[in-house]
Amino acid sequence: MSTFSEIEYQTRSESEFNRLLEKPAFSWPTFLLFVFVVANFCYATYSAVTGAMSILTAIAHNSLSAYIAYTIMHEAAHGLVCANKAVNDWVGRISLLAISVMPFFSTYRTLHMTHHRYVNDPKNDPDFFCC
């Protein structure tokens, strides 16, 4: 039999869990990362082309941008950047450009959601080869 404090804790935990499941109207931290990625990528590329930065330094900057861009793209695939679907999708598409020259964000979203549906299923998980 559960005690009152256990029930109260469980209710509070469920309430907190449900709050965490809510999608934000606008995720400022993710959007600020997005602005950083675009600015850093443009700065490094322009600086390398004009000779103001060495190619190796620009590669380091753009590698960092690509690494962070994946996180932003992942958040956008889950619809967590912005409640406005068009804004969310464009942030995802632009983020994907730092990783791939083919910005097929909808394809990534479909594959990623399939991965979540069939995690570690050898026949249905599109990311199973990574395991």
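What follows is a working chat about a predicted model, covering its helices, some single residues and its largest pocket.

Biologist: Let's start with α4. How many residues does α4 have, and how far does α4 reach?

Modeller: This is a predicted model, to be clear. α4 has 13 residues. From its first C-alpha to its last, α4 reaches 19 Å. That is close to the 18 Å expected at 1.5 Å a residue.

Biologist: Which residues of α4 are buried?

Modeller: N88, D89, V91, G92, S95 and L96 are the buried ones in α4. They cover an arc of only 160 degrees around the axis, so they sit on the same side of α4.

Biologist: And what covers the buried residues of α4?

Modeller: The cover includes α2 (28–50), α3 and α5.

Biologist: Take S95 in α4. Buried or exposed?

Modeller: S95 has a relative accessible area of 2%. The cut-off for buried is under 20%, so S95 counts as buried.

Biologist: What is S95 in contact with, leaving aside neighbours within four places in sequence?

Modeller: F34, A69, I72 and M73. F34 is one of the buried residues of α2.

Biologist: Same thing for V91. What is V91 in contact with, leaving aside neighbours within four places in sequence?

Modeller: V91 is in contact with F34, I72 and V81. V91 lies in α4 as well, and V91 is buried at a relative accessible area of 5%.

Biologist: How far apart are the C-alpha atoms of V91 and Y43?

Modeller: They are separated by 19 Å. Along the chain, V91 and Y43 are 48 residues apart.

Biologist: On to α2. What span should α2 have at 1.5 Å a residue, and what separates its end C-alpha atoms?

Modeller: The 23 residues of α2 should span 33 Å. The end C-alpha atoms are 32 Å apart, so the two values agree.

Biologist: Which α2 residues are buried, and where do they pack?

Modeller: T30, F34, V37, N40, A44, S47 and A48 are buried in α2. The buried residues of α2 pack against α3 and α4.

Biologist: L32 is in α2 too. Buried or exposed?

Modeller: Exposed, with a relative accessible area of 52%. The cut-off for exposed is over 50%.

Biologist: How far is L32 from A66 in space?

Modeller: 15 Å, C-alpha to C-alpha. In sequence, L32 and A66 are 34 residues apart.

Biologist: What happens just after α2?

Modeller: G51 takes a positive phi there, of about 85 degrees.

Biologist: Which residue has a positive phi although it is not a glycine?

Modeller: N120, with a phi of about 65 degrees. N120 is found in the segment after α5. N120 counts as partly exposed, at 47% relative accessibility.

Biologist: Now S65. Where is S65 found?

Modeller: S65 is in helix α3, which runs over residues 55–77. S65 is buried, with a relative accessible area of 0%. Leaving aside neighbours within four places in sequence, S65 is in contact with V37, N40 and F41. V37 and N40 are among the buried residues of α2.

Biologist: And α5? What span should α5 have, and what separates its end C-alpha atoms?

Modeller: At 1.5 Å a residue, the 13 residues of α5 should span 18 Å. Its end C-alpha atoms are 18 Å apart, so that agrees.

Biologist: Which residues of α5 are buried?

Modeller: F105, Y108, R109, H112, T114 and H115. The buried residues of α5 pack against α3 and α4.

Biologist: Pockets, then. What volume does the largest pocket have?

Modeller: About 250 Å³.

Biologist: Which residues line the largest pocket?

Modeller: Y70, M73, L96, I99, M102, F104, T107, Y108, L111, H112, P126 and D127. Y108 and H112 are also among the buried residues of α5. L96 is among the buried residues of α4. M73 is one of the contacts of S95.

Biologist: Which helix gives the most to the lining?

Modeller: α5 does, with four residues. α3 and α5 (105–117) each supply at least two residues of the lining.

Biologist: How many lining residues are nonpolar, polar or charged?

Modeller: Nine are nonpolar, two are polar and one is charged. The charged one is D127, because Asp counts as charged.

Methods:
Residues numbered from 1 in each chain as written. Predicted model: local features only at pLDDT ≥ 70, side-chain atom pairs only at ≥ 80, totals over all residues. Heavy atoms only, no water. Buried < 20%, exposed > 50% of the residue type's maximum accessible area, 1.4 Å probe, protein only. Contact = heavy atoms within 4.5 Å. 1 Å grid on protein atoms, 1.4 Å probe; cavity = no way out; pocket = protein on both sides within 12 Å on 5 of 7 lines; lining within 4 Å. Points joined across faces, edges and corners; volume = space filled by probe spheres on them. Expected span 1.5 Å × (residues − 1). Arc of directions from axis to C-beta.
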